[in-house]
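Here are some notes for a colleague who has not yet looked at this structure. They are set out as numbered points.

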Amino acid sequence: MTTPDDSQLVFNKDGVRLTVEDAVATVTLTNPAKRNAQSPALWRALTEAGRSLPGSVRIVVLRGEGKSFSAGLDRQAFTPEGFDGEPSFLDMARGSDADLDAVIAEYQEAFTWWRRSDLVSIAAVQGHAIGAGFQLALACDLRVVAEDVRFAMRETSLGLVPDLTGTHPLVSLVGYARALEICATGRFVHAEEAERIGLANIAVPTDELDAAVRDLSAALLAAPRDAVVETKALLQGATGRSYEDQRVAERAAQARRLRDLAGLGD
């Protein structure tokens, strides 16, 4: 996948490139030789990408270079030496509970900002999206997948649990029973099933992935920004509210929109 000639490069480091073109930012994983395997340095770069977005950005597209979106955590993390300049996961396990909790919380920050209410994030997913790669796709609001996509949550098979914020969106999308089955078996979920069970919004032939993401981005940009922001916030809070509380939230949000449209906003 190429970067548009008229886009602005914000940064390019540690396997992550951030570019901005008008209201659309693109975050690209840039290590196709390793199938965009993830590391703590990459997670810090993803966190920085979220903090570096200009205020004009409304859509963030996440994609991976090469044949795979992301094959998950780089297995070097499990070796005694780990990554250069980083504590190995084995060393981390020997630390205190508080220290280990703090490190995992820092890693999770790379996966949290994609659901900010002022943005709509789209994961463009092709090939492998395994473990941390699956969870990164789940971090986004929407997923457009190529016909060759293969999702899998392999953490349980390795004696671990998914801990990069993927469990909540997975259960929300497919329900508890199917989420448990997907995680506990570690099996592949292909494009047709992903679309059918709600993991994917759209499944397209691989050579149409870029065009499908562009079309979806354009459709999202067609609505006024404030209306989309308010609607996203309403939907995000719906599962935590009762029916009556959601009615109240809808009325309050609509009152704000009407006042703004009438020029009576704060």
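1. Helix α4 lies across strands β6 and β8. Its direction is at about 95° to that of β6. The model is a predicted one, and the points below should be read with that in mind.

2. Strands β6 and β8 belong to an open sheet of three strands, in the order β6-β8-β9 and with mixed pairing. At its edges are β6 (128-130) and β9 (189-190), each of which pairs on one side only.

3. Within this three-stranded sheet, β8 covers residues 150-152 and is joined to β9 by two bridges. The two strands run antiparallel. To locate the pairing in the model, start from R150: its bridge partner in β9 is H190.

4. There is also an open sheet of seven strands, again with mixed pairing. The order is β1-β2-β3-β4-β5-β7-β10. Strands β1 (8-13) and β10 (202-204) form the edges, and each pairs on one side only. From one strand to the next, the twist averages 15°.

5. In the seven-stranded sheet, β5 (residues 120-125) and β7 (residues 142-146) run parallel and are joined by four bridges. I122 has L142 as its bridge partner in β7. Helix α4, residues 132-139, packs on this sheet and touches β3 (24-29), β4 (59-64), β5 and β7. The direction of α4 makes about 145° with that of β5. Helix α4 therefore appears in the description of both sheets, since it also lies across β6 and β8.

6. How are helices α5 and α6 arranged with respect to each other? Helix α5 spans residues 167-174 and helix α6 residues 176-185; they pack at an angle of about 125°, and their axes are 7 Å apart. Because of that angle, α5 counts as oblique to α6. The crossing is right-handed.

7. Which residues make the contact between α5 and α6? On α5 they are L170, V171 and V174; on α6 they are Y176, R178, A179 and C183. Sorted by class, this contact has six nonpolar residues, no polar ones and one charged residue.

8. A last point concerns D6, which is found in the segment before β1. Is D6 buried or exposed? Its relative accessibility is 55%, so D6 counts as exposed, the cut-off being over 50%. D6 and A200 are 194 residues apart along the chain, and their C-alpha atoms are separated by 29 Å.

Terms used. Residues numbered from 1 in each chain as written. Predicted model: local features only at pLDDT ≥ 70, side-chain atom pairs only at ≥ 80, totals over all residues. Heavy atoms only, no water. Pairing = 2+ DSSP bridges. Axes fitted to C-alpha atoms, helices over the stretch in contact; angles between N-to-C directions. Contact = heavy atoms within 4.5 Å. Parallel < 35°, antiparallel > 145°, perpendicular 65-115°, else oblique. Left-handed = near helix turned anticlockwise from the far one by under 90°. Nonpolar A, V, L, I, M, F, W, Y, C, P; charged D, E, K, R; others polar. Buried < 20%, exposed > 50% of the residue type's maximum accessible area, 1.4 Å probe, protein only.
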